[in-house]
Amino acid sequence: MDLRRSIFGFAVLVVFVVCHVSANVVLNVVNKFDGRQQGSLSAMKEHDSRRHRRMLYNIDLPLGGNGLADSTGLYFTQLGIGSPTKTYYVQVDTGSDILWVNCVGCANCPTKSDLGVDLKLYDPNASNTAQIVGCDAEFCAVASGGPIPGCIPNSSYCGYNVVYGDGSSTSGYYVNDVIQFNQVTGNLQTTTTNKSIIFGCGAKQSGDLGSTNGALDGILGFGQSNSSMISQLASSGKVNKIFSHCFGGANGGGIFAIGEVVQPKVKTTSLVQNQPHYNVNMESVEVGGTVLQLPTDVFDTGNQKGTIIDSGTTLAYLADVIYEPMMNAIMAQNPNLTFQSVEGQFSCFQYTDSVDKGFPSVTFNFQNSLALVVYPHDYLFQYQGETWCIGWQNSGNQSREARDLNLLGDLVLSNKLVIYDLENQTIGWTEYNCSSTIKMQNDQTRASFQVGYHDISSAWSPDMGSVGGIPYPIRWASGI
């Protein structure tokens, strides 16, 4: 059993028996809330609550959407699956592991989406390259942590069941089929390549996964386990087990890629070992250059404690013992502000001057002297006219179990290049212009190529569907 602990609940992956049934890579990614439901802030927090869940080549995944707190949430991408290839739209999630898509015959699978994308059901019988994964397959034992009880070779499928913190779930069986990617072949150039990947064929959905609200064809997990797509690509020698993203914030779009980044250089910190998510060791918090005096054990990692970097979460959630003194320090130089509640969840106020001049920056300091600076224009967002709202959230208000967790999402990650190096078990970032390019290197040939900014939203053609004038090719998010 692979237990996924979320700041808002649990996502549990169960593998079971179902009877009779090096280069660089680029993904096109778009934001779920980009251009739709402007001012619907509760939808953003609702998403966060649900989520909280041998030539080497590089892969380029073009991005879309923007990082505005009142319009941006999940990112999603499109994958070509099967032979002949069909396009599927999947949420990209750093907080979960497996890739799964809705399949033919699925119970309660959505048939329409309010994101403006055409949903389709994957049919393994219609693909010339699809193979059902048996319960006696090595992958099944790896995904389940051991042999499957009751497995009958050649007659039983390898099934899965994922239950999320909000009670929604997906279940089905594993399939091996061809997935298409954009391989980096030159400066700002890609070509299509493919690789056989084992993924879930969704036979039944429940809860929000069956609704049209933000519906997609499935979820692409970018977690660390051996069952994730990036782990499968790495184990086959196709890619280095490294991926990176640079979200453009208010400018929209950005960069998402699999492979080694050689420019810009990024300072790193170690990932906490034996943790299911991207946990890091935070050491202190500064407001306006002054270090907050906090209890020494507040940054410890353990059961229901610690700090998680999660690009699929829109806001930033801090343990109550950090949140309260930090907010007091932020607001100390504006004691006369009058606050109002927006949608019952956000504290907002009227402000006519520059927020960057009127409020302090917040700096999170991590092991190995790695700092994450968050500016006022990042953690404050304009709601309507001269009304500004606070993006920081108190983890203790989400659930009793989450009160000691820190979850740092897009609110603090926008306009930064973030690199997840799973081979060396490090993560790092640097402030960066996400509208520019990065340089990636092929580990075998040592050739270096530029990978550029994408904004799929602006490139989305009207006949492919759009919502609120903003199109969506693929979604990126996280499911802790």
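**Exercise 1. Is Cys-246 buried or exposed, judging by its relative accessible area?**

Solution. Start with the cut-offs: buried means under 20% relative accessible area, exposed over 50%, and partly exposed in between (1.4 Å probe, protein chains only). Cys-246 has a relative accessible area of 0%, so Cys-246 is buried.

A word on the model: it is predicted, so local features need pLDDT of at least 70 and side-chain atom pairs count only at pLDDT 80 or more, while totals for chains, interfaces and linings use all residues. Residues are numbered from 1 along each chain as its sequence is written, and side-chain values use heavy atoms, leaving out hydrogens and water.

**Exercise 2. Find the partner of Cys-246 and describe the link.**

Solution. Step one: a disulfide is a pair of cysteine sulfur atoms within 2.5 Å. Cys-246 is joined to Cys-434, S to S 1.9 Å. Step two: the torsion about their S-S bond is about -80 degrees, so this disulfide is left-handed. Step three: turn to the partner, Cys-434, which is buried at 2% relative accessibility.

**Exercise 3. Describe the disulfide of Cys-103 in the same way.**

Solution. Cys-103 pairs with Cys-201, with S to S 1.9 Å. This pair links distant parts of the chain, with Cys-103 in strand S7 (residues 99–107) and Cys-201 in strand S11 (residues 189–206), 98 residues apart. Strands (E, at least two residues) and helices (H or I, at least four) are DSSP runs, numbered from the N terminus. At -135 degrees about the S-S bond, the link is left-handed.

**Exercise 4. How many disulfides does the structure hold?**

Solution. There are six.
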